[in-house]
Amino acid sequence: MSRLDRIVGVFKKTGIVSLLVASFAVSAFAQEVSPVILVDKKTNQIHVGNYKTDQIEVVKTFHTTLGKTRGDKEVEKDLKTPEGIYLFTAKLRPPQIKKKFGKMAIMMNYPNPIDLIAGKTGFDIMLHATDEPARLSKDLDSEGCVVVSDEQIEEISQHIRLGITPIIIYDELKPEFLKADSKPELRQAFQKWLTAWNGKDIDAYIGSYSDKFVYNGMNLRKYREYKDSLNKKYSKIQVEAENIRYFFHPKYDVVAFIQNYQSELRGGGKGFKSVGTKFLYFVKDAGGAFKVANESYTNLR
């Protein structure tokens, strides 16, 4: 277990809020070289990569055993490994996990927001080890999880920060998925979204979202009303995006960044202020334009 995970675990148990923990978490996300876990189902390989200078460099590769049934996971118990961009949510060790999962299991957030929009079902999708080493000689022998050896998961786990490090599972990992400049139109869509928010341009801002967008139970119409009320409440909104990262997948793309938000009330009073990690899930609409289908935010300070 890493230092960050131990600290976060302590503060989750005690409920104490600390700027020290928040600063450490921001630092982990903001470091120049950031780990990414990649899975190539075509070759049965799992890669540890580093996101650096707008590209992902693979630094270590292992064989992985995947779901017994080929294809992208759709429903519970179909024995397929899901394809998409996921985040790790928990690191578990015995006795928290069954013996068959070996020394460690790392939970993924399947079904993620895009999966839920698509109506996909299932649970307990993990990167885990096994107490049966013979399984690792097979390509397809899990119930939908990504399986490696005890030794390998110990090594891979050192590169994983919960809620920050993505695991991207591809039907086939292609070189263009590793280069941030592969989709300049995605960069443009992101900058348009950010500029509209800073400028309190509600039409352009809401125009950046998909018609299917849902946030905290609000559909796009309700979300527009909510954001418009904030525009009227604040005289100024300033949003800075730092350490922007672009993650590509054939199904959808994710823009991840540190969001620094602050606002001023009308009349000069202090408004709301926060720093956290944000993940924007982009899909293409019928016309081929990138739109935000969902977003998640974790406050860090």
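Let's start with a term: a residue is buried when its relative accessible area is under 20%, exposed when over 50%, and partly exposed in between (1.4 Å probe, protein chains only). Strands are DSSP runs of E with at least two residues, numbered from the N terminus.

This is a predicted model, where local features need pLDDT of at least 70. Residues are numbered from 1 along each chain as its sequence is written.

**Exercise 1.** Find out how many residues of strand β1 are buried, and on which faces.

*Solution.* Step 1: go to residues 34-40, which form β1. Step 2: count the buried ones, and you get 7 of 7. Step 3: sort them by side. Ser-34, Val-36, Leu-38 and Asp-40 lie on one side, with Pro-35, Ile-37 and Val-39 on the other, so that both faces are covered.

**Exercise 2.** Work out which strands pair with β1, and in what direction they run (two strands pair if DSSP finds at least two bridges between them).

*Solution.* Step 1: look at β2 (residues 45-52), which is antiparallel to β1 and joined to it by 7 bridges. Here Ile-37 has Val-48 as its bridge partner. Step 2: inspect the hairpin of β1 and β2. It has 4 residues between the strands, and Asn-44 takes a positive phi near 55°. Step 3: turn to β10 (residues 166-170), which runs parallel to β1 with 4 bridges. In β10, Ile-169 is the bridge partner of Val-39.

**Exercise 3.** Name the bridge partners of Ile-37 in β2 and of Val-39 in β10.

*Solution.* Step 1: for Ile-37, choose Val-48. Step 2: for Val-39, choose Ile-169.

Methods:
This is a predicted model: local features need pLDDT of at least 70, side-chain atom pairs count only at pLDDT 80 or more; totals for chains, interfaces and linings use all residues. Side-chain values use heavy atoms; hydrogens and water are left out. Two strands pair if DSSP finds at least two bridges between them.
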